[in-house]
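Please work through the exercises below with the sequence and the model open side by side. Try each task before you read its solution.

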Amino acid sequence: MSPISCLVCLLASAGIYAALPRPTAPSGAIRPVSRPSIQALDAIGFGIGIVFFPIAILGMANTSGALALVSMAALLPAGMAFLFFAVAVRQETSWVRFFGNGFEFTQFGRRARVPYEELKKIEVRLWEASGWVAWFQSTIGSIGHKKAVLLNGTESTKTLVFNHPVSGTFTISSELIPDLQRILIGMDRAGIELPEGISEWQRKKIRRRRERMYGGPEREAPKSEQVEVARIAALIEHARRQATP
């Protein structure tokens, strides 16, 4: 492979990157904090690839023996480019959107719609880590389809942990949520227990605001069977009274 062919491949890859469709987060979605930015992550990935991939490919194609082995070793740092690209994709395709009765978590294109009443447990946890660990966790996110993480990148953050028996665990920094009280009101309205770690005073405040917004606690409507039994009993009683002289 000649240097010109290698240059053509690099230009083609840049063209493909520029032509890729960019996902658009829906209105009101909460996105992760990316440090560095998504564009910077892509630039780092391209920089590593431009330096090491030509060395590896040209070296293995035009040399032999020890030089070919050295050129092959350049594939190891070149592979780091894919890691930066994967991180950029994760940051660009991850967000969470809250609704009145639940939330939708999107990560790497995988979407999970979770109603509050289906949750097994909701917790408030203080997540602490050193600078590099905090950056890594907020940037890389989680590994596996049963866990989704959306952190703000700081060394200490208070998180909401939603445990679903089927979809898995969803962890979100509370500082990223612009209207946390509205979400807690939605949980209380759904009839589930508010997260542990919320004081009793805060619970009463949330319930008072819910009652002002939506009225008092909803009464359970009579079941259709109970209504039918009551109707039949009334008819029997009415017939009995008419039959009595």
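The exercises that follow go from the whole chain to its sheets and then to its helices, and they concern a predicted model.

**Exercise 1. The chain as a whole**

Task: State how many helices and strands the protein chain has, and find what share of its residues count as buried.

Solution: Begin with the secondary structure, where the protein chain shows nine helices and seven strands. Turn next to burial, for which the result is that 33% of the 245 residues of the protein chain count as buried. Finally, consider the contacts in the protein chain with a separation of 6 or more, of which 57% are accounted for by residues 24 or more positions apart.

**Exercise 2. The three-stranded sheet**

Task: Work out the strand order of the open sheet formed by three strands, and explain why one side of each edge strand is left without a neighbour in the sheet.

Solution: The first step is the order, which reads S1-S2-S3, with antiparallel pairing. The second step is to look at the edges, where strand S1 (95–98) and strand S3 (110–115) each have a single partner strand, so that one side of each is left without a neighbour in the sheet. From one strand to the next, the twist averages 15°. The last step concerns the pairing of strand S2 (residues 102–107) with S3, which run antiparallel and are joined by six bridges; within S3, Arg110 is the residue that stands opposite Gln107.

**Exercise 3. The four-stranded sheet**

Task: Determine the order of the open sheet of four strands, and then establish for its strand pairs whether they are parallel or antiparallel.

Solution: Start with the order, S4-S6-S7-S5, in a sheet whose pairing is mixed. Strand S4 (121–128) and strand S5 (147–150) stand at the edges with a single partner strand each, and therefore one side of each has no neighbour in the sheet. Neighbouring strands of this sheet are turned against each other by 20° on average, direction ignored.

Now take the pairs one by one. S4 and S6 are antiparallel and pair over eight bridges, and Val124 stands opposite Leu160 in S6. Strand S6 (residues 156–164) and strand S7 (residues 168–173) also run antiparallel, joined by six bridges, and a hairpin of three residues links S6 to S7. Along S7, Phe170 stands opposite Phe162, while Thr169 is the bridge partner of Asn163. S5 and S7, by contrast, pair in the parallel sense over four bridges, and Phe170 in S7 stands opposite Ala148.

To finish, check how far S6 and S7 are covered. Seven of the nine residues of S6 are buried, so that this strand is mostly covered, and S7 is mostly covered as well, with five of its six residues buried.

**Exercise 4. Two helices in contact**

Task: Describe how the axes of helix H2 and helix H3 cross, and identify which residues make the contact.

Solution: As background, two packed helices are described by the angle between their axes and the distance between the axes. Here the axes of helix H2 (residues 38–62) and helix H3 (residues 66–73) come within 7 Å and cross at roughly 155°. H2 and H3 are therefore roughly antiparallel to each other, since angles over 145 degrees are placed in that class. The crossing by which H2 passes H3 is left-handed. On the H2 side, the contact is made by Ile55, Ala56, Gly59 and Met60, and on the H3 side by Ala68, Ser71 and Met72. Sorted by class, these are five nonpolar and two polar residues, with no charged residues.

**Exercise 5. The buried residues of H6**

Task: Find which residues are buried in helix H6 (residues 131–140), and name the elements against which they pack.

Solution: Inspection of H6 gives Ala134, Ser138, Thr139 and Ile140 as buried. The buried residues of H6 pack against helix H5 (80–92) and against S4, and S4 is one of the edge strands of the four-stranded sheet in Exercise 3.

Conventions. Residues numbered from 1 in each chain as written. Predicted model: local features only at pLDDT ≥ 70, side-chain atom pairs only at ≥ 80, totals over all residues. Heavy atoms only, no water. Axes fitted to C-alpha atoms, helices over the stretch in contact; angles between N-to-C directions. Parallel < 35°, antiparallel > 145°, perpendicular 65-115°, else oblique. Left-handed = near helix turned anticlockwise from the far one by under 90°. Contact = heavy atoms within 4.5 Å. Nonpolar A, V, L, I, M, F, W, Y, C, P; charged D, E, K, R; others polar. Pairing = 2+ DSSP bridges. Buried < 20%, exposed > 50% of the residue type's maximum accessible area, 1.4 Å probe, protein only.
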